[in-house]
Amino acid sequence: MSLADMAARGELQRLPPHKDEPFALLEAARRRLEDAANPTVHPETRLEQAYTAIFTCALAALRAEGYRPSRGIGQHARTLETLRYTVGVPDSHIDYYQLLRSLRHRGLYEGLIDVSITQVEEAVKEVRVLRRLLLELQRGEAKREVAQAC
C-alpha cells in the first residue's frame with residue numbers, strides 16, 4: 001500500500017502543503033514535548049501530550065508529502081499508519097504509537113487510565129527520536145532509510 005492507495009480509498013486527501021506548514025507542525029510538536037517532559041505535570045497529562053506530539057509529527061510528515069487525513073472516525077489511527085510510508089517507521093513503532101492512541105482515548109473518553117512514569121518517559125523518548133528524524137528529513141540531512149533506526 002502507499003499514500004496514493006490510501007487517497008484512492010478516501011482515507012487521505014491530496015492537498016499541497018503551505019510552505020512552512022511541516023516546520024510549524026514540528027514546532028507545535030516541540031511545545032507538546034516540553035509539556036510531556038515536564039516532571040511537575042501529572043503523568044496522565046504528560047502521556048497525552050507525548051501522544052499528541054507523535055500525532056503532530058505524523059501529520060507534519062504527511063503534509064510534507066502533500067496529503068492530509070480525511071475527516072472522520074479513525075483519522076488519528078490512519079495518520080499514524082502513514083508514518084510507514086512517509087518516513088519508513090517500522091511496524092513495531094507504529095503499533096506502539098497506536099497503543100498510546102488507545103491509552104489517550106481511554107483517558108479522555110472513559111477516564112480509565114493508570115500511567116506510570118516509565119510509560120511517560122518511554123513515550124517522551126519516542127517523540128524526541130521521531131521529531132529529530134523529521135527535522136533532519138525536512139532539512140535534507142537524513143535519508144528515509146534512517147527511519148529504520150527509530
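**View 1. Q98 and its contacts with A77, L80 and E81****.** In this predicted model, Q98 touches A77, L80 and E81, leaving out residues up to four places away in sequence. Q98 sits in helix α6. Is Q98 buried or exposed? Its relative accessibility is 12%, so Q98 counts as buried; the cut-off for buried is under 20% relative accessible area.

**View 2. Y96 in helix α6****.** Y96 is another residue of helix α6. Its relative accessibility is 14%, so Y96 also counts as buried. Which residues does Y96 contact, apart from its neighbours within four places in sequence? They are Q119, E122, A123 and E126. For one of these, E126, a C-alpha distance can be given: Y96 and E126 are separated by 9.4 Å. Along the chain, Y96 and E126 are 30 residues apart.

**View 3. Y97 and its partners****.** Y97 touches seven residues named here: Y51, I54, L80, L83, V89, E126 and L130. Residues up to four places away in sequence are not counted. L80 is also in the contact list of Q98. E126 is also in the contact list of Y96. Y97 is a member of the largest nonpolar core.

**View 4. The largest nonpolar core****.** This core has 36 residues. Which members touch the most other members? They are L47, L83, V87, Y97, L130 and L134. Four elements give two or more residues to the core: α2 (21–37), α3 (43–64), α6 (91–110) and α7 (117–138). Helix α3 supplies the largest share, with eleven residues. In soluble globular proteins, nonpolar side chains tend to be buried together.

**View 5. A second, separate core****.** Apart from the largest core, there is a separate core of five residues. Its members include M6, L12, L62 and Y67.

**View 6. A29 in helix α2****.** A29 lies in helix α2. How much relative accessible area does A29 have? The value is 0%, so A29 is buried. Setting aside neighbours within four places in sequence, A29 is in contact with A53, T56, C57 and R131. A29 can also be placed relative to Q49: the two are 20 residues apart in sequence. In space, A29 and Q49 are 8.9 Å apart, C-alpha to C-alpha.

**View 7. P22 in helix α2****.** Helix α2 also holds P22. With 4% relative accessibility, P22 counts as buried. Its contacts are P17, A60, R63, A64 and Q138, leaving aside neighbours within four places in sequence. How far apart are P22 and A60? Their C-alpha atoms are 4.5 Å apart in space. In sequence, P22 and A60 are 38 residues apart.

**View 8. G10 in the loop between α1 and β1****.** G10 is placed in the loop between α1 (3–8) and β1 (12–14). At 43% relative accessibility, G10 counts as partly exposed. G10 and P69 are 59 residues apart in sequence. Their C-alpha atoms are 8.9 Å apart in space.

**View 9. The whole chain****.** The chain has seven helices and two strands. In what order do the elements run from the N terminus? The order is α-β-α-α-β-α-α-α-α. Along its principal axes, the C-alpha trace spans about 40 × 35 × 25 Å. The radius of gyration is 15 Å. This agrees with a compact globule of 150 residues, for which a value near 15 Å would be expected. Of the 150 residues, 45% count as buried. Take the contacts between residues at least 6 apart in sequence: 72% of them join residues at least 24 apart.

**View 10. Surface and charge of the chain****.** The chain exposes about 8000 Å². Carbon and sulfur atoms supply 49% of this area. How many positive and negative side chains are there? There are 22 positive and 21 negative side chains. The centres of the two sets lie 5 Å apart.

Notes
Residues numbered from 1 in each chain as written. Predicted model: local features only at pLDDT ≥ 70, side-chain atom pairs only at ≥ 80, totals over all residues. Heavy atoms only, no water. Rg over C-alpha atoms; globule rule 2.2 N^0.38 Å. Buried < 20%, exposed > 50% of the residue type's maximum accessible area, 1.4 Å probe, protein only. Contact = heavy atoms within 4.5 Å. Areas by Shrake-Rupley, 256 points an atom, 1.4 Å probe, with all protein chains shown as cover. Lys, Arg positive; Asp, Glu negative; His and termini not counted. Charge placed at Lys NZ, Arg CZ, Asp CG, Glu CD. Core = buried A, V, L, I, M, F, W, Y, C linked by side-chain atoms within 4.5 Å.
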